[in-house]
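Hi,

Here is the structure I said I would pass on. Have a look at it first, and then read my notes underneath.

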Amino acid sequence: MESIAIIVLTYNGKQYVSDQFLDTVVELSKCKGYHVHVVFLDNGSVDGTLSALLERYEDATILRSPTNLLYCRGNNEAIRFAYKHFLCKYFVLMDQDVKVTDGYLQQLVDYMDSPDARDVAECQSLAMRADEPELLYSAGHRYDEHGTCFPITELNNRSSITEVPSCSIVGTIFRSDALLRSGLLCPIFDMYYESSDISFVLRGLGFRCVVNSDSVVYHYGRSFRGYEYTNYFYVFRNKPIFWRFHDEEKYMSTRSDYLEKIVEFEETISAKKFLTESDEEALTLSLSMKEGLRISDALHYRPSAELKLYNPRSTVLVHSRYLGVDRANSRE
């Protein structure tokens, strides 16, 4: 029987275990004709997430990273582990703040197994907002005239399958044969724009990226207070890096825009005798834009992350019934 791995990266997510978000992923990720492995990788949490996972999900495979690998490397290590040990045909990437619906996985796999999807590398579930379930969180990505990526939050024509420029990663299934050709999430991004990047790479190889609105998940998708500026930093840092890889004209346009904004930020900041908390956003954006230009100007190739490069020392296998590791012998 072929295998599917559901990859869930956790970081200080004990509340999502307690609030039973992840119960739905463990209990409802079923698919006829496939063995489904739920693989958690706890990304260096310090709030007791690992202990909460071990207490609640004895049927799951649980990995631990001693440090926070951030989003790209964390997911990549979990995917590589699953491919090495379970030889998966498909991978489904989930965030820790996701609730899934009954049959979501069957809908994804039935489509991916159909003749119509032979050239489809990734298929995203329709992601609704967990806090306001009637609102659409993401049906893939769109790009404005400045090259900024936004989630599609309105569907004018809700057909079952919609081709998109790129998929959000939440609730998205990837074909392992496609990832063998494209590589995994580019580690240079750390977080944000990595889903755009892998979709553009896959489309460049002749694959399609689609959204399946018959498969539905619910995503909280809100930043915790205190982390919002970290998110801003990576979003603005990564935009020029992304376009440097994929469109030179948009890269040059972004570069020009950033240089102007950096001057504006610095003039505003230098005019002040004292900086306050209200200046943190401007400081973060200025720093992120400088860093984005520094990295993108120096790039000559897109770093790859091969699916088969599994490193057994990158993470610790804490618990897996399938691989004979007993959680009773594990400590956080």
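Below is what I found, going from the cores to one helix, then a helix pair and a single side chain.

Bear in mind that this is a predicted model.

I began with the nonpolar cores. The largest one has 47 residues, and I7, A82, F91, I188 and F189 are those with the most contacts inside it. Seven elements are worth colouring here, since each gives two or more residues to this core: the strands β1 (2-10), β2 (34-43) and β4 (90-95), plus the helices α4 (70-86), α6 (176-182), α7 (194-204) and α8 (228-246). The top contributor is α4, with nine residues.

If you want one residue to centre the view on, try I188. Leaving out anything up to four places away in sequence, I188 touches R237, N238, I241, F245, I295, L299 and P303.

There is also a second core, separate from that one, with 39 residues. Among its members are Y90, Y104, L108 and I173.

Next, have a look at helix α2, which spans residues 21-28 and is mostly covered, with six of its eight residues buried. Those six are F21, L22, D23, T24, V25 and V26, so you will find D23 and T24 on the buried list too. And what sits over them? The cover includes strands β1, β2, β4 and β5 (98-100), along with helices α1 (14-18) and α3 (49-56).

Then there is a helix pair towards the other end of the numbering. Helix α9 (residues 248-270) packs with helix α10 (residues 280-298) at an angle of about 145°, and the axes are 9 Å apart. The crossing of α9 past α10 is left-handed. On the α9 side the contact uses Y251, R255, Y258, L259, K261, I262, F265, E266 and I269. These meet A282, L283, L285, S286, M289, K290, L293, S296 and D297 of α10. Sorted by type, the residues of this contact come out as eleven nonpolar, two polar and five charged.

Last, a single residue in helix α8: N231. Is N231 buried or exposed? Its relative accessibility is 14%, and the cut-off for buried is under 20%, so N231 counts as buried. The side chain of N231 makes a polar contact with the side chain of Y192, at 3.4 Å. As for M191, N231 is 40 residues from it in sequence, while their C-alpha atoms are 8.3 Å apart in space.

That's everything from me for now.

Cheers

How values were computed:
Residues numbered from 1 in each chain as written. Predicted model: local features only at pLDDT ≥ 70, side-chain atom pairs only at ≥ 80, totals over all residues. Heavy atoms only, no water. Core = buried A, V, L, I, M, F, W, Y, C linked by side-chain atoms within 4.5 Å. Buried < 20%, exposed > 50% of the residue type's maximum accessible area, 1.4 Å probe, protein only. Helix = DSSP H or I, 4+ residues; strand = E, 2+ residues; numbered from the N terminus. Contact = heavy atoms within 4.5 Å. Axes fitted to C-alpha atoms, helices over the stretch in contact; angles between N-to-C directions. Left-handed = near helix turned anticlockwise from the far one by under 90°. Nonpolar A, V, L, I, M, F, W, Y, C, P; charged D, E, K, R; others polar. Polar contact = N/O pair within 3.5 Å; in protein donor to acceptor, adjacent residues only side chain to side chain.
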